Amino acid sequence: MYAQMVKSTGEGVKDRDAMSPEEAAFQDKVDADIKIEPRDWMPEGYRKTLIRQIGQHAHSEIVGQLPEGNWITRAPTLERKMILLAKVQDEAGHGLYLYSAAETLGVTRDELTEALLSGKMKYSSIFNYPTLTWADIGAVGWLVDGAAIMNQVPLQRTSYGPYSRAMIRICKEESFHQRQGYDIMMKMAQGSEAQKKMAQDALNRFWYPSLMMFGPSDAESVHSAQSMAWKIKINTNDELRQKFVDQTVPQAEYLGLTVPDENLKWNEEKGGYDFSEPDWSEFFDVLKGNGPCNHDRLNDRVKAWEDGQWVRDGLLAHAEKKAARKVAAE
Ligand code: BYC
């Protein structure tokens with residue numbers, strides 16, 4: 001089922017001469033920055049690419065609750081607990097906006113959930129890494145939400161209307177998330193030697209996985225060319241990764257922490273930092289399901305789905321009863 005819904009479109013960008021009149025008219029709209037809405041005609045590949053990307057994004061928000069939810073009971077103060085609780089709830093909301101946007105493309109939320117739970121659909125690689133200390137919650141907010149914002153701010157201008165509108169709201173909240181992470185890092189970095197060490201350790205472990213969030217290098221990215229032609233994606237993976245590094249390095253310096261990269265160096269000519277690539281073999285291995293937490297994350301989602309069965313059954317029974325009563329009254 002999922003394979004039919006979202007089969008990859010990595011076959012290259014179609015030449016204008018090879019486009020049907022409908023496809024050419026569609027491309028003209030995209031080129032003129034006119035939003036595509038659910039009832040508009042769209043190429044099948046456009047629809048499938050959106051379902052894949054929005055669905056993967058929605059799953060990332062939901063799975064992304066797990067490494068942080070892990071720390072709600074252990075947050076160091078009541079204030080931190082409340083802030084973290086609000087953040088994790090926000091992620092659930094983001095998942096809902098995105099599942100709703102995906103539903104406008106003719107796929108149900110249940111179908112997407114089944115694709116996630118059966119391992120057919122991806123979520124962001126970053127959430128397959130563990131959050132071992134409280135400083136990791138700071139690093140997740142600072143780096144992971146920071147990378148997410150870098151990726152998602154341009155998506156506010158994505159060509160598909162429902163996705164772009166969902167992104168506007170999500171970005172506002174993500175920006176609060178990033179600040180709360182940086183605030184935790186500040187406290188830790190200015191704290192005792194042990195706290196500073198913890199903050200540095202969190203940066204060491206989350207730096208390269210955060211760089212991986214932008215996807216493989218442009219040379220390896222199968223979808224970028226077509227997705228950019230359709231303005232589903234606005235920037236390439238490497239462009240966003242570079243922007244993220246350029247923004248984050250001064251923030252690390254301000255914290256008095258060291259980015260774990262011996263090759264990191266400002267390059268005057270390009271106006272950005274030179275930096276080391278992440279270990280791409282690790283990235284592809286995590287995508288295959290072999291990261292430190294892949295099994296736990298998926299098992300937790302399967303359990304949540306199964307534990308929620310009685311709620312879905314109850315809602316369905318109620319809806320059916322209500323519908324039957326309505327029919328009887330007519
Ligand atoms: N993790 O051709 P490419 C968040 C896959 S943060 C897993 O470049 P594309 C959050 C890719 O799907 C994260 N898979 O693909 C933050 C493709 O495989 P398939 C969510 C990845 O689609 C904090 C293959 O690799 N954000 O939500 O053009 C708290 C080839 O890649 C990853 C978004 O999803 C990865 N890191 O570009 C809570 C933003 N990278 O599908 C929540 C929207 C690549 O052919 N998404 N792959 O089997 C995007 O912008 C794009 O989908 C990506 C990938 C940049 C991720």
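**Exercises: ligand shell and helix packing**

By class, 13 nonpolar, 13 polar and six charged residues make up the shell around the ligand. The model is predicted.

**Exercise 1.** Find which residues come nearest to the ligand, and which helices supply its shell.

*Solution.*
- Step 1. Start with the 32 residues around the ligand. Lys-122, Ser-221, His-223, Lys-233 and Asn-237 come nearest.
- Step 2. Turn to the helices. At least two shell residues each come from α3 (44-63), α7 (134-152) and α12 (280-290).
- Step 3. Rank the contributions. α3 gives the largest share, six residues.

**Exercise 2.** List polar contacts to oxygen atoms of the ligand from Glu-61, Asn-151 and Val-222, then state how much of the ligand the protein covers.

*Solution.*
- Step 1. Apply the cut-off: a polar contact is a pair of N or O atoms within 3.5 Å.
- Step 2. Check the side chains. Glu-61 places a polar side-chain atom 3.4 Å from a ligand oxygen. For Asn-151, a side-chain N or O atom is 3.1 Å from an oxygen of the ligand.
- Step 3. Check the backbone. A polar backbone atom of Val-222 is 2.8 Å from a ligand oxygen.
- Step 4. Add the cover. On its own, the ligand has 1,000 Å² of accessible area, and the protein covers 93% of this.

**Exercise 3.** Describe how α7 packs against α8.

*Solution.*
- Step 1. Choose the descriptors. Packed helices are described by the angle between their axes and the distance between the axes.
- Step 2. Read them off. α7 and α8 (residues 161-189) pack at about 145 degrees, with axes 7 Å apart.
- Step 3. Assign the hand. The crossing of α7 past α8 is left-handed.
- Step 4. Sort the contact by class: 13 nonpolar, nine polar and two charged residues.

**Exercise 4.** Repeat the analysis for α13 and α14.

*Solution.*
- Step 1. α13 (residues 294-307) and α14 (residues 309-329) pack at an angle of about 35 degrees, and their axes are 4 Å apart.
- Step 2. Name the partners. Trp-305, Glu-306 and Asp-307 of α13 meet Gln-309, Trp-310 and Arg-312 of α14.
- Step 3. Sort them: two nonpolar, one polar and three charged.

Notes:
Residues are numbered from 1 along each chain as its sequence is written. This is a predicted model: local features need pLDDT of at least 70, side-chain atom pairs count only at pLDDT 80 or more; totals for chains, interfaces and linings use all residues. Side-chain values use heavy atoms; hydrogens and water are left out. A residue is near a molecule or strand if one of its heavy atoms lies within 4 Å of it. A polar contact is a pair of N or O atoms within 3.5 Å; within protein, one must be able to donate a hydrogen and the other to accept it, and residues adjacent in sequence count only if both atoms are side-chain atoms. Accessible areas come from the Shrake-Rupley method with a 1.4 Å probe; for residues, only the protein chains shown count as cover. Ala, Val, Leu, Ile, Met, Phe, Trp, Tyr, Cys and Pro count as nonpolar, Asp, Glu, Lys and Arg as charged, and the others, Gly among them, as polar. Axes are lines fitted to C-alpha atoms, for helices over the stretch in contact, and angles run from 0 to 180 degrees between N-to-C directions. A crossing is left-handed if the near helix is turned anticlockwise from the far one by less than a right angle, and right-handed if clockwise. Contact means heavy atoms within 4.5 Å.
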